[in-house]
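Please look at the sequence and the structure shown here before reading on. The report is meant for someone who meets this chain without earlier knowledge of it.

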Amino acid sequence: MKLLGIRFCAVAEEAVPMAQFFTKGLGLEERDLGGDADTFSGCVIPAVDSSWIEIWQKGADMPAGLMLQLVV
């Protein structure tokens, strides 16, 4: 089995400041999700190869938590 990439996903109450840290603080580019620019719906930040970071706002249908997936 060969590791092709890593997906890290965070669902948190503090999703907006987390996303701002990665995009504005570290200067990483986020993928355009095609939503309303004034409303935070989530953030997907592509990384190298087949890896990415996802940050989503905690809600009724999205409980807070962390997830790490290995893409093989």
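What follows goes from the overall fold to the sheet, then to the helix, and ends with the surface and the charges.

The coordinates belong to a predicted model, and the values below are computed from it. The secondary structure of the chain comes to 1 helix and 4 strands, and these elements follow one another along the sequence in the pattern β-α-β-β-β. Taken along the principal axes, the C-alpha atoms fill a box of roughly 40 × 25 × 20 Å.

The strands form an open sheet of 4 strands, in which the order is β2-β3-β1-β4 and the pairing is mixed. Because β2 and β4 (65-71) stand at the edges and each has a single partner strand, one side of each is left without a neighbour in the sheet. When direction is ignored, neighbouring strands of this sheet are turned by 10° against each other on average. In general, the strands of a sheet pair through backbone hydrogen bonds, and they do so either parallel or antiparallel.

Two of the pairings can be set side by side, each with its bridges and with one pair of residues that stand opposite each other.

| Strands | Sense | Bridges | Residue pair |
|---|---|---|---|
| β2 (residues 43-46) and β3 (residues 52-57) | antiparallel | 4 bridges | Cys 43 and Ile 55 |
| β1 (residues 5-12) and β3 | parallel | 6 bridges | Phe 8 and Ile 53 |

Strand β3 thus takes part in both rows of the table, pairing with β2 in the antiparallel sense and with β1 in the parallel sense. The hairpin of β2 and β3 has 5 residues between the strands, and in this hairpin Asp 49 takes a positive phi near 50°.

The helix comes next. Against the sheet of strands in the order β2-β3-β1-β4, helix α1 (residues 15-25) packs so that it touches β1, β2 and β3, and its direction makes about 150° with that of β3.

Turning to the chain as a whole, buried residues make up 25% of its 72 residues. Among the contacts between residues at least 6 apart in sequence, 60% join residues at least 24 apart. The accessible surface of the chain comes to about 5200 Å², and 59% of this surface belongs to carbon and sulfur atoms. The chain carries 5 positive and 10 negative charges, and the mean positions of these two groups are 8 Å apart.

Technical notes: Residues numbered from 1 in each chain as written. Predicted model: local features only at pLDDT ≥ 70, side-chain atom pairs only at ≥ 80, totals over all residues. Heavy atoms only, no water. Helix = DSSP H or I, 4+ residues; strand = E, 2+ residues; numbered from the N terminus. Buried < 20%, exposed > 50% of the residue type's maximum accessible area, 1.4 Å probe, protein only. Contact = heavy atoms within 4.5 Å. Areas by Shrake-Rupley, 256 points an atom, 1.4 Å probe, with all protein chains shown as cover. Lys, Arg positive; Asp, Glu negative; His and termini not counted. Charge placed at Lys NZ, Arg CZ, Asp CG, Glu CD. Pairing = 2+ DSSP bridges. Axes fitted to C-alpha atoms, helices over the stretch in contact; angles between N-to-C directions.
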